[in-house]
Amino acid sequence: MQQPPYRFIDHTADIGITVYGESLEQLFINAARGMVALMINGPAPVTRTRKHTIHCAAVDKEMLLTDWLQELLYRFYDKHLIPGTYGTCTITPSDNNTQTVQLVATLSMSSVNPDTIKPVQEIKAVTHHNLSIEQKDRYVTATIIFDV
Amino acid sequence: MTGYTYVTKIDDFRFEIPRKGAMNVPGKIFASEKILPQIVHEQAAAQVQNVAMLPGIVGYSLAMPDIHWGYGFPIGGVGAFREDTGVISPGGIGYDISCGVRLYRTHVPMKQYENRIDEILQLLFAAVPSGVGSTGRLKLSKKDMVNVLTTGAQWAVSQGYGTAEDIPCIEDKGYMKEADPDTISQRARERGLNQLGTLGSGNHFLEIQEVTDIYDERIASIFGVFHGQMVIMVHTGSRGLGYQVCDDFIRVMVEASRRYQIKLPDRQLACAPIRSPEGKRYFGAMAAATNFARANRQIIGGWVQETMIRVLKISPKDLGMQLVYDVSHNIGKMEEHVIDGKKHTVCVHRKGATRAFPPGHRELPDVYQTTGQPVIVPGSMGTASYLMAGTEQALSETFGSTCHGAGRVLSRSAAKRKVRGQEIKQQLHQRNILVYTDSYSGLAEEAPMAYKDVDDVVDICHQAGISKKVCRMKPRGVIKG
């Protein structure tokens with residue numbers, strides 16, 4: 001069965017998405033798209049657009065997913081940057097003793113004016129609640145709850 | 001019996017989840033037959049069981065009647081862990097560290113200015129930054145930030161926000177001494193730098209309220225409240241700084257849980273022994289974030305007072321705006337409690353629960369020694385709020401804890417499907433409640449129907465004896481974050 005990249009789900013106090021990807025990397029990109037869709041309604045007026053590279057490393061792929069999304073949240077709220085086009089995304093084992101998996105992603109990010117862009121929702125954090133990345137049929141899937 | 005296989009009735013307001021399987025202690029939910037089905041249906045009761053599985057927990061894994069599904073701990077959850085054998089968990093305190101509430105009394109009867117609420121709200125809306133991503137009016141230096149993290153509300157007073165008279169009426173006299181600014185990451189400091197003095201969004205608010213019912217005249221008199229009085233309530237927390245601290249330390253704790261071989265029923269319950277380096281670092285960071293939140297509320301209170309004086313053209317003495325109390329409802333505290341007849345130091349995690357110490361407790365200021373600690377319980381937007389007092393029953397049964405609010409029953413998206421923000425604003429206006437907000441979508445999410453009836457929640461706590469009703473307040477003007 002064809003799955004969309006993400007679905008919004010109900011949670012009593014907060015909000016969440018169930019994400020699907022044909023690969024782990026695709027899951028990560030779709031999770032980012034879903035999170036941004038929760039925050040911003042429709043196209044945002046942007047100024048300068050540049051290519052960015054994001055590196056993350058974590059003890060497992062679930063932590064890596066939250067780190068990746070948290071990095072995008074930080075760039076949005078504190079640097080006023082929103083993701084545009086996603087380029088490459090590679091997830092590989094890490095050389096580090098304590099971090100077992102790493103991500104390198106390239107994407108375009110655009111500057112937004114915080115006075116003119118009004119996010120629909122303030123996402124405070126990406127929670128780890130029941131977070132588990134699983135293979136279901138031909139999709140990799142995860143459900144992510146965001147604290148709002 | 002309750003009709004649920006794993007929840008048994010103790011009495012009309014107490015329900016037990018018997019200890020079984022990996023649970024170290026039983027669970028206890030303060031509720032009624034009316035609200036119990038919701039609690040069980042949305043799996044909040046299952047989260048009470050999960051907390052009971054953590055090492056070193058003592059007594060019961062507790063849930064207040066405003067309990068609802070959270071992540072890790074339920075919202076409305078309380079768990080106490082022995083200092084020597086127990087764990088500390090950022091998930092048991094929450095992302096919005098020291099989210100809390102403060103209540104100010106005034107000398108002014110509401111009816112004296114009720115035709116000027118719109119005017120007051122307009123100016124308050126301009127004076128206090130609110131809404132998604134709100135940034136503050138303050139310019140903090142790095143040295144200022146260290147002082148904020150170390151001395152919290154006391155720093156704010158030293159900068160002219162409020163007065164020294166406020167300090168005894170703030171939990172911990174305005175700051176936690178255990179704060180360690182060195183544990184706060186650079187990113188957390190960056191996030192907090194331009195958010196000090198902001199309300200934020202979600203369920204944060206600033207309300208002008210009217211006291212409509214007095215239940216205990218003696219305590220009300222000592223708290224300084226009277227029937228028909230204008231009071232002001234502020235609800236906010238540690239903003240982006242606190243969220244980042246929690247996130248930073250969940251990462252640490254996930255690794256620590258593996259190292260200390262702690263089995264987690266939910267990753268959000270990641271933890272470390274209280275006495276471990278990780279546990280101590282988190283406690284120091286949490287305390288620093290708490291101080292930030294207390295400074296935040298103190299600053300907002302200062303701006304509210306300035307604005308009220310300016311718009312009403314009234315002297316500070318005639319306004320008489322004084323702090324009743326400031327208390328956190330997402331926090332971890334090292335406290336001494338009697339367990340099985342012996343005193344133990346425990347780390348009490350309150351996640352969506354309020355401390356409620358009884359009369360005579362040494363942590364309370366002199367003025368409240370005969371009343372017990374003021375407990376401020378905000379209702380959902382547009383419904384009542386309550387001022388309560390702490391009790392001996394709370395100290396002996398819930399580690400001195402009680403509810404913190406109404407508790408959600410509907411998800412945000414479900415609320416938005418049922419009602420539009422403009423409709424809510426009109427409905428409230430018809431009930432003489434004015435609302436200012438940046439976000440109609442956010443208003444819909446906070447619709448009263450999305451929450452339990454706060455009267456029910458407060459009644460359960462009162463009837464169970466874990467806090468005592470003092471007075472009820474009705475909102476007249478709301479600034480919703």
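## Exercises on the spaces and the interface of a two-chain model

About 550 Å³ of space lies in the largest cavity of this predicted model.

**Exercise 1.** Describe the largest cavity by its lining residues, the elements that supply them, and their classes.

*Solution.* Begin with the search of the whole structure, which finds 2 cavities of 30 Å³ or more. The larger space to examine here, the largest cavity, is lined by 36 residues, and those nearest its centre are Ile75(B), Asn203(B), His235(B), His404(B) and Tyr451(B). Next, turn to the elements of chain B: E4, strand E8 (205–214) and strand E19 (468–480) each supply at least two residues of this lining. Finally, sort the lining of the largest cavity by class, which gives 12 nonpolar, 14 polar and 10 charged residues.

**Exercise 2.** Find which element gives the largest share of the lining of the largest pocket, and state how that lining divides by class.

*Solution.* The largest pocket has a volume of about 810 Å³. Its lining is made of 37 residues, and the closest to the centre of the pocket are Glu335(B), Glu336(B), Phe357(B), His361(B) and Glu363(B). Four elements of chain B, namely strand E4 (57–71), strand E12 (330–339), strand E13 (342–351) and helix H11 (392–397), each supply at least two lining residues. The largest share comes from E12(B), with 7 residues. By class, the lining of the largest pocket holds 16 nonpolar, 6 polar and 15 charged residues.

**Exercise 3.** Work out how chain A and chain B meet, going from the contacting residues and the buried area to the salt bridges and polar contacts.

*Solution.* First, count the residues: 35 of chain A are in contact with 41 of chain B. Second, consider the area buried between the two chains, which is about 3300 Å², with carbon and sulfur atoms giving 45% of this area. Third, look for charged pairs, of which the rule finds 9 salt bridges across the interface; a salt bridge joins the side chains of Arg191(B) and Asp78(A), at 3.8 Å from N to O. Fourth, add the polar contacts, for which the rule finds 16 residue pairs across the interface, both residues at pLDDT 80 or more.

The last step concerns the side of chain A that touches chain B, to which strand E3 (46–58), helix H2 (61–79), strand E6 (125–126) and strand E8 (139–147) of chain A each supply at least two residues. H2(A) gives the largest share of this side, 9 residues, and by class the side has 14 nonpolar, 9 polar and 12 charged residues.

Conventions: Residues are numbered from 1 along each chain as its sequence is written. Chains are lettered from A and ligands numbered from 1 in the order in which they are written. This is a predicted model: local features need pLDDT of at least 70, side-chain atom pairs count only at pLDDT 80 or more; totals for chains, interfaces and linings use all residues. Side-chain values use heavy atoms; hydrogens and water are left out. On a 1 Å grid over the protein atoms alone, a cavity is a set of points where a 1.4 Å probe fits but cannot get out, and a pocket is an open set with protein on both sides within 12 Å along at least five of seven lines; lining residues have an atom within 4 Å of a point. Grid points are joined across faces, edges and corners, and a volume is the space filled by probe spheres set on the points. Ala, Val, Leu, Ile, Met, Phe, Trp, Tyr, Cys and Pro count as nonpolar, Asp, Glu, Lys and Arg as charged, and the others, Gly among them, as polar. Contact means heavy atoms within 4.5 Å. Buried area is the accessible area (1.4 Å probe) that two parts lose on being put together, summed over both. A salt bridge is a side-chain nitrogen of Lys or Arg within 4 Å of a carboxyl oxygen of Asp or Glu. A polar contact is a pair of N or O atoms within 3.5 Å; within protein, one must be able to donate a hydrogen and the other to accept it, and residues adjacent in sequence count only if both atoms are side-chain atoms.
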